[in-house]
Amino acid sequence: MNVGSHYSFQEVLPNLCIGSQFALLYPKLLHKAGVTHLLSLNNFTEIPSGFQAKVLDVHDEEDENITEYFQEAFSFINSSDKCLVFCTAGRSRSATVVLAYLIYTYKLKLSEAFAKVSKVREVRPNKGFLKQLQKWESTCSCELCAMDKVTHWYEETPNYVVCICDQCELPMAVYRKHETQVPSEVEAAMLKALNKAASEFFEGKWYVDTKPRTIMDHAHWHARPTFPKL
């Protein structure tokens, strides 16, 4: 298949291809290429037989939050022997998901992921998707967003984690979203959970330190001991 062909599909990784919905007109070529799974991002449901498929209704509009589909898409790709990610033209939606997958899975920078995909196919995510990819790159490179369970975790919820900081070895609460402001209802729950962890950790008094030290663009708090005045 030629690079940039509207009707083509191309291999980005041994387990991952990108293309347009018109590639489905040639299922024999897909089978020959080893494709087993089809990920539709434009709600296209006319799937040829012999493939496992997932259909997502993503709109190619600048204000569409495409990041909310990333984890579902990644899980489907990872469950396949070889997956074709496609949308109508194979330029914007499919490119955005493939780029995000490369950034997340292989820790590539956006520019590196873009160069890799562009070697096999001409892609052009819309401006809104590009902005989301830039934020996604920042999120995936953030130590707090990519937290590994290397210390004791007191509490884990969809909104926050309370654990022992692997740097200072003190109780820490981390807001899961890569943002500096925590919604008031989440803030109250985080504070309660952090203080509960601190009550188990410290023998004496403590205070909650909300000032960031090294990671300035991600909300996280530490419980620190209060030393008696001399």
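# Briefing: salt bridges, pockets and surface features

Asp-209 and Arg-224 are both buried. The model described here is predicted. Asp-209 and Arg-224 also form a salt bridge, with their closest N and O atoms 2.7 Å apart. The points below cover salt bridges, pockets, a surface patch and backbone angles.

**Salt bridges**

- Side chains of opposite charge can pair when their charged atoms come close.
- The count of salt bridges in this model comes to eight.
- Asp-209 belongs to strand S9 (residues 206-209) and Arg-224 to strand S10, so their salt bridge ties together parts that are 15 residues apart in sequence.
- Asp-209 counts as buried because its relative accessibility is 7%, and the cut-off for buried is under 20%.
- Asp-209 has a salt bridge with Arg-213 as well, and here the closest N and O atoms are 2.5 Å apart.
- Arg-213 has a relative accessible area of 49%, so this residue is partly exposed; exposed would need over 50%.
- Another salt bridge joins the side chains of Lys-54 and Glu-72, at 3.3 Å from N to O.
- Lys-54 sits in strand S4 (residues 52-55) and Glu-72 in helix H2, so this pair ties together parts that are 18 residues apart in sequence.
- Lys-54 is partly exposed, with a relative accessible area of 24%, and Glu-72 is partly exposed too, at 38% relative accessibility.
- Lys-149, Glu-156 and Arg-176 are joined into one network by salt bridges that share partners.

**The largest pocket**

- Rolling a probe the size of a water molecule over the atoms shows where empty space is left.
- The largest pocket holds about 660 Å³ of space.
- Its lining is made by 19 residues, and those nearest the centre of the pocket are Trp-136, Thr-139, Arg-176, Lys-177 and His-178.
- Helix H2 (70-78) and helix H5 (127-140) are the elements that give two or more residues to this lining.
- H5 provides the largest share of the lining of the largest pocket, with five residues.
- By class, the lining of the largest pocket has six nonpolar, six polar and seven charged residues.
- Arg-176 appears under two topics: this residue is among those nearest the centre of the largest pocket, and Arg-176 is also part of the salt-bridge network with Lys-149 and Glu-156.

**The second largest pocket**

- The second largest pocket has about 450 Å³ of space.
- It is lined by 21 residues, and Glu-143, Leu-144, Cys-165, Asp-166 and Gln-167 are the closest to its centre.
- Strand S7 (160-164) and strand S10 (220-225) each supply at least two residues of the lining of the second largest pocket.
- S10 gives the most to this lining, with three residues.
- The lining of the second largest pocket divides into eleven nonpolar, five polar and five charged residues.

**Glu-143**

- Glu-143 is found in the loop between H5 and strand S6 (153-156).
- Is Glu-143 buried or exposed? At 58% relative accessibility, Glu-143 counts as exposed, because the cut-off for exposed is over 50%.
- Glu-143 and Ile-215 are 72 residues apart in sequence, and their C-alpha atoms are 8.3 Å apart in space.

**A nonpolar surface patch**

- Leu-25, Tyr-26 and Leu-29 make a nonpolar surface patch of about 300 Å².
- Leu-25 is located in the loop between strand S2 (16-20) and helix H1 (27-32).
- The relative accessible area of Leu-25 is 58%, so Leu-25 is exposed.

**Positive phi angles**

- Most residues other than glycine have a negative phi, and most peptide bonds are trans.
- Asn-43 has a phi near 65 degrees, a positive value in a residue other than glycine.
- Asn-43 lies in the loop between strand S3 (37-40) and S4, and counts as partly exposed at 40% relative accessibility.
- Lys-107 has a phi near 55 degrees, which is also a positive value in a residue other than glycine.
- The loop between helix H3 (93-106) and helix H4 (110-118) contains Lys-107.
- Lys-107 counts as exposed because its relative accessibility is 54%.

Conventions. Residues numbered from 1 in each chain as written. Predicted model: local features only at pLDDT ≥ 70, side-chain atom pairs only at ≥ 80, totals over all residues. Heavy atoms only, no water. Patch = residues over 30% accessible without salt bridge, like charges linked within 9 Å, V, L, I, M, F, W, Y side chains within 5 Å. Areas by Shrake-Rupley, 256 points an atom, 1.4 Å probe, with all protein chains shown as cover. Salt bridge = Lys/Arg side-chain N within 4 Å of Asp/Glu carboxyl O. Helix = DSSP H or I, 4+ residues; strand = E, 2+ residues; numbered from the N terminus. Buried < 20%, exposed > 50% of the residue type's maximum accessible area, 1.4 Å probe, protein only. 1 Å grid on protein atoms, 1.4 Å probe; cavity = no way out; pocket = protein on both sides within 12 Å on 5 of 7 lines; lining within 4 Å. Points joined across faces, edges and corners; volume = space filled by probe spheres on them. Nonpolar A, V, L, I, M, F, W, Y, C, P; charged D, E, K, R; others polar.
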